Amino acid sequence: MGVEPRLPDVPERQNGEILGVGVDLVHIPGLAHQLTIPGTVFAERAFTARELRDAARRADATGSLRAEHLAGRWAAKEAFIKAWSAAANTRAGHAVAPQLPPEAVDWREIELVGDRWGRPSLRLTGTVAEAVAAALGEGGNASKCWPVSLTHDGDWAAAIVLYVGPSPGC
């Protein structure tokens, strides 16, 4: 009947360049509201115990809302999924189906951790780490392959995640 839409061209792979980019924006009051709904298990399904503790600690230290820090972490997880998809397409040279269906993603296997200065990075574990390695090659699930940056302004939290490769370990 109609013509199938043409998939966008995928950039050529180059050594040592960014192969995938993901960005996400989260409305902090919306997330805060979701966290207060009676019976919700969103926080326990979306964040590791360490992420929940870190968000509470940062909120206490700065007088901010815990939701502000969780919103940044949620944005990073969503941005990671987008960067992973873009990188898988770039690596394959054409559009490919997701390695994991969305309902199979355990969001706690995409953990945002900070170094001793609070700089964020991603730690991939479990099925997600295995799927990333299958899609991008051995070492593609290493933290150093996934630079992340977070920002907060007013009612919004944003994150950008890159996939950097190929390079040693990525």
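## T36 at the end of helix α1

T36 sits in helix α1, which covers residues 28-36. This is a predicted model, so keep that in mind for everything below. In the model, T36 counts as exposed because its relative accessibility is 57%, and exposed starts over 50%. Its side chain still has a polar partner: one of its polar atoms lies 2.7 Å from the backbone oxygen of H33.

## The nonpolar core

Let's move to the inside. Nonpolar side chains tend to be buried together in soluble globular proteins. Here the largest nonpolar core takes in 43 residues, and the ones with the most contacts inside it are F80, W84, L136 and W146. Helix α4, residues 66-92, supplies the largest share of this core, with twelve residues.

W84 is a good place to look around. Once you set aside its neighbours within four places in sequence, W84 is in contact with Q99, L100, A131, V132, A135, L136 and W146. Two of those contacts, L136 and W146, are also on the list of residues with the most contacts inside the core.

## Aromatic pairs

How many aromatic pairs are there? The count comes to seven. One of them is F42 with W74, an edge-to-face pair with 5.1 Å from centre to centre and 75 degrees between the planes. F42 belongs to helix α2 (residues 42-46) and W74 to helix α4, so this pair ties together parts that are 32 residues apart in sequence.

Both F42 and W74 are buried. They are also part of a wider group, since F42, F47, W74 and W107 form one aromatic cluster. W107 will turn up again further down, as a contact of E78.

## Salt bridges

Side chains of opposite charge can pair when their charged atoms come close. The structure holds seven salt bridges. Take E111 and R50: their side chains meet in a salt bridge at 2.9 Å, N to O. E111 lies in strand β2 (residues 110-114) and R50 in helix α3 (residues 49-62), so the pair links parts that are 61 residues apart in sequence. Are the two ends buried or exposed? E111 is buried, with a relative accessible area of 3%, whereas R50 is partly exposed at 34%.

D54 and R57 make a more local salt bridge within helix α3, being three residues apart there, so about one helical turn separates them. Their closest N and O atoms are 3.8 Å apart. D54 has a relative accessible area of 17%, and it counts as buried because that value is under 20%. There is also a network: R50, E111 and R123 are joined by salt bridges that share partners.

## D24 and its link to K82

D24 is in strand β1, and its salt bridge with K82 has closest N and O atoms 2.8 Å apart. Strand β1 runs over residues 17-27 and K82 lies in helix α4, so here the tie is between parts 58 residues apart in sequence. The side chains of D24 and K82 are also joined by a polar contact of 2.8 Å.

The two partners sit in different settings: D24 is buried, with a relative accessible area of 14%, while K82 counts as partly exposed at 37%. What does D24 touch, not counting residues up to four places away in sequence? The list is A75, E78, A79, K82, A157, A158 and A159.

## The annotated binding site

Which residues carry the "binding site" feature in UniProt? The record, an unreviewed entry, places this feature at D24 and E78. Although they are spread over 55 residues of sequence, they cluster in space, with a largest C-alpha distance of 6.2 Å.

E78 lies in helix α4, the helix that also holds K82 and W74. E78 is partly exposed, with a relative accessible area of 22%, whereas D24 counts as buried at 14%. Leaving aside neighbours within four places in sequence, E78 is in contact with D24 and W107. W107 in turn is a member of the aromatic cluster with F42, F47 and W74, and D24 is the residue that forms the salt bridge with K82.

Notes. Residues are numbered from 1 along each chain as its sequence is written. This is a predicted model: local features need pLDDT of at least 70, side-chain atom pairs count only at pLDDT 80 or more; totals for chains, interfaces and linings use all residues. Side-chain values use heavy atoms; hydrogens and water are left out. A nonpolar core is a set of buried Ala, Val, Leu, Ile, Met, Phe, Trp, Tyr and Cys residues joined through side-chain atoms within 4.5 Å. Buried means under 20% relative accessible area, exposed over 50%, partly exposed in between (1.4 Å probe, protein chains only). Helices (H or I, at least four residues) and strands (E, at least two) are DSSP runs, numbered from the N terminus. Contact means heavy atoms within 4.5 Å. A polar contact is a pair of N or O atoms within 3.5 Å; within protein, one must be able to donate a hydrogen and the other to accept it, and residues adjacent in sequence count only if both atoms are side-chain atoms. Rings of Phe, Tyr and Trp (its six-membered ring) pair if their centres lie within 6.5 Å; planes under 30 degrees apart count as stacked, over 60 as edge-to-face and the rest as tilted. A salt bridge is a side-chain nitrogen of Lys or Arg within 4 Å of a carboxyl oxygen of Asp or Glu. UniProt positions are given in the numbering used here, feature names are shortened, and annotations may be inferred rather than shown by experiment.
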